[in-house]
Amino acid sequence: MDALFVGKNLIFLPAIESTNSYAIELLKNVKVEEGTVVQAEYQTMGRGQRGVSWLAEPASNLTLSTIFFPNFLKVEESFYLYIIAALACYDTTAQLLTESHVELRIKWPNDIYVNGLKNCGILIENKLNADYLFSTVIGIGINVNQEEFKGLNAGSLKMFSGKKFSLDQVRNLLCFFLEKYYLSLKSGQYENLKTLYTSRMLGLGEVLDFSLNGERKKMKVLGISDDGLLRLEDDTKILHKDLGEIKWLL
Ligand code: BTN
């Protein structure tokens with residue numbers, strides 16, 4: 001399964017601060033082909049969501065960023081990028097772990113959890129052009145062959161399957177699925193993407209613990225709202241919450 005344009009232009013770097021930061025600089029300085037992938041063997045300052053760092057052992061994990069120009073997407077529709085990125089990571093992991101009988105879920109908005117441990121993280125950084133998107137850098141970290149995650153609720157494909165994976169194989173598969181979902185988005189498959197994403201959500205239909213305004217609360221996960229927020233039921237009220245407002249307590 002080969003992608004047609006995602007990853008055809010591959011910039012492979014032995015060590016760099018962050019592939020997302022490198023891709024953002026590239027966009028400022030040169031004309032970049034859509035689907036360009038920046039991959040690092042090691043990130044010295046890998047970045048995660050909300051300013052945290054993303055730590056990954058050298059040469060054991062996939063750390064890459066992909067550049068797209070989704071000029072067909074309105075700013076308020078930009079959450080579809082986290083939907084396609086999460087679906088691509090989900091399918092990649094599912095395919096690589098087919099024989100391992102694992103439980104695979106998307107934790108809203110875009111973490112992939114395998115057997116309750118974080119296996120992939122996604123950091124999306126957009127540039128806007130008035131009401132539309134100009135470019136997006138989709139940064140993805142997949143834990144592949146690392147064997148220990150001290151103090152972190154994380155795991156790797158090797159830990160889940162007992163097998164070592166080639167990083168090239170994981171990257172090629174990820175590029176294939178990113179392209180597949182990006183093209184469905186471009187062709188307007190908004191509802192199908194949202195339905196598929198929802199069906200794979202962690203905790204869907206379950207009552208789980210969250211922290212809301214600093215308070216512990218049990219709420220039922222209903223899916224996502226029309227603007228990509230987490231849709232929850234609190235007793236009889238329906239709430240739509242953004243990442244800064246709510247925290248999963250897993
Ligand atoms: C998160 O779960 O907090 C998001 C983690 C995203 C990590 C990836 S690794 C490749 C790309 N470059 C970065 O600096 N971050 C993303």
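**Exercise 1. Is W54 buried or exposed, judged by its relative accessibility?**

Solution. The structure is a predicted model.
Step 1: find the residue. W54 sits in the loop that runs between β2 (37-43) and β3 (62-68).
Step 2: take its accessibility. The value for W54 is 16%, and buried means under 20% relative accessible area.
Step 3: conclude. W54 therefore counts as buried.
Step 4: list its neighbours. Leaving out residues up to four places away in sequence, W54 touches Q43, G46, R47, G48, T63, K118, C120, G121, G141 and N143.
Step 5: take one of these contacts, G141. W54 and G141 are 87 residues apart in sequence, while their C-alpha atoms are 8.0 Å apart in space.

**Exercise 2. Describe the largest pocket and its lining.**

Solution.
Step 1: give the volume, which is about 990 Å³ for the largest pocket.
Step 2: look at the centre. The lining has 38 residues, and those closest to the centre of the pocket are V52, W54, D111, Y113 and K118.
Step 3: assign the lining to elements. At least two residues each come from α1 (19-29), β3, β5 (111-114), β6 (117-129), β7 (132-142) and β12 (246-248). The largest share, four residues, belongs to β6.
Step 4: sort the lining by class. There are 17 nonpolar, 15 polar and six charged residues.

**Exercise 3. Do the same for the second largest pocket.**

Solution.
Step 1: the volume of the second largest pocket is about 360 Å³.
Step 2: its lining is made of 17 residues, with F79, Y82, P109, N110 and L243 closest to the centre.
Step 3: α2 (79-96) and β6 each supply at least two lining residues. Here the largest share, four residues, comes from β6.
Step 4: by class, the lining holds ten nonpolar, five polar and two charged residues.
Step 5: look again at P109. This residue is in the loop between β4 (104-107) and β5, and the peptide bond that joins W108 to P109 is cis, with omega about 0 degrees.

**Exercise 4. At roughly what angle do the axes of α4 and α5 cross?**

Solution.
Step 1: α4 covers residues 167-186 and α5 covers residues 190-199.
Step 2: their axes come within 8 Å and cross at roughly 135 degrees.
Step 3: name the arrangement. Angles over 145 degrees count as roughly antiparallel and 65 to 115 as roughly perpendicular, so α4 is oblique to α5.
Step 4: name the residues that meet. Y181, S184 and L185 belong to α4, and they meet Y190, L193 and L196 of α5.
Step 5: by class, this contact has five nonpolar residues, one polar residue and no charged ones.

**Exercise 5. Place S135 and describe its surroundings.**

Solution.
Step 1: S135 is part of strand β7.
Step 2: its relative accessible area is 2%, so S135 is buried.
Step 3: not counting residues up to four places away in sequence, S135 touches L27, F68, F69, P70, E125, N126 and K127.

**Exercise 6. Examine the positive phi values of A130 and N213.**

Solution.
Step 1: phi is near 55 degrees in A130, a residue other than glycine.
Step 2: A130 lies in the loop between β6 and β7, and at 65% relative accessibility this residue counts as exposed.
Step 3: N213, also a residue other than glycine, has phi near 50 degrees.
Step 4: N213 lies in the loop between β8 (207-212) and β9 (215-224). With 70% relative accessibility, N213 counts as exposed.

Conventions: Residues are numbered from 1 along each chain as its sequence is written. This is a predicted model: local features need pLDDT of at least 70, side-chain atom pairs count only at pLDDT 80 or more; totals for chains, interfaces and linings use all residues. Side-chain values use heavy atoms; hydrogens and water are left out. Buried means under 20% relative accessible area, exposed over 50%, partly exposed in between (1.4 Å probe, protein chains only). Contact means heavy atoms within 4.5 Å. On a 1 Å grid over the protein atoms alone, a cavity is a set of points where a 1.4 Å probe fits but cannot get out, and a pocket is an open set with protein on both sides within 12 Å along at least five of seven lines; lining residues have an atom within 4 Å of a point. Grid points are joined across faces, edges and corners, and a volume is the space filled by probe spheres set on the points. Ala, Val, Leu, Ile, Met, Phe, Trp, Tyr, Cys and Pro count as nonpolar, Asp, Glu, Lys and Arg as charged, and the others, Gly among them, as polar. Axes are lines fitted to C-alpha atoms, for helices over the stretch in contact, and angles run from 0 to 180 degrees between N-to-C directions. Angles under 35 degrees count as roughly parallel, over 145 as roughly antiparallel, 65 to 115 as roughly perpendicular and the rest as oblique.
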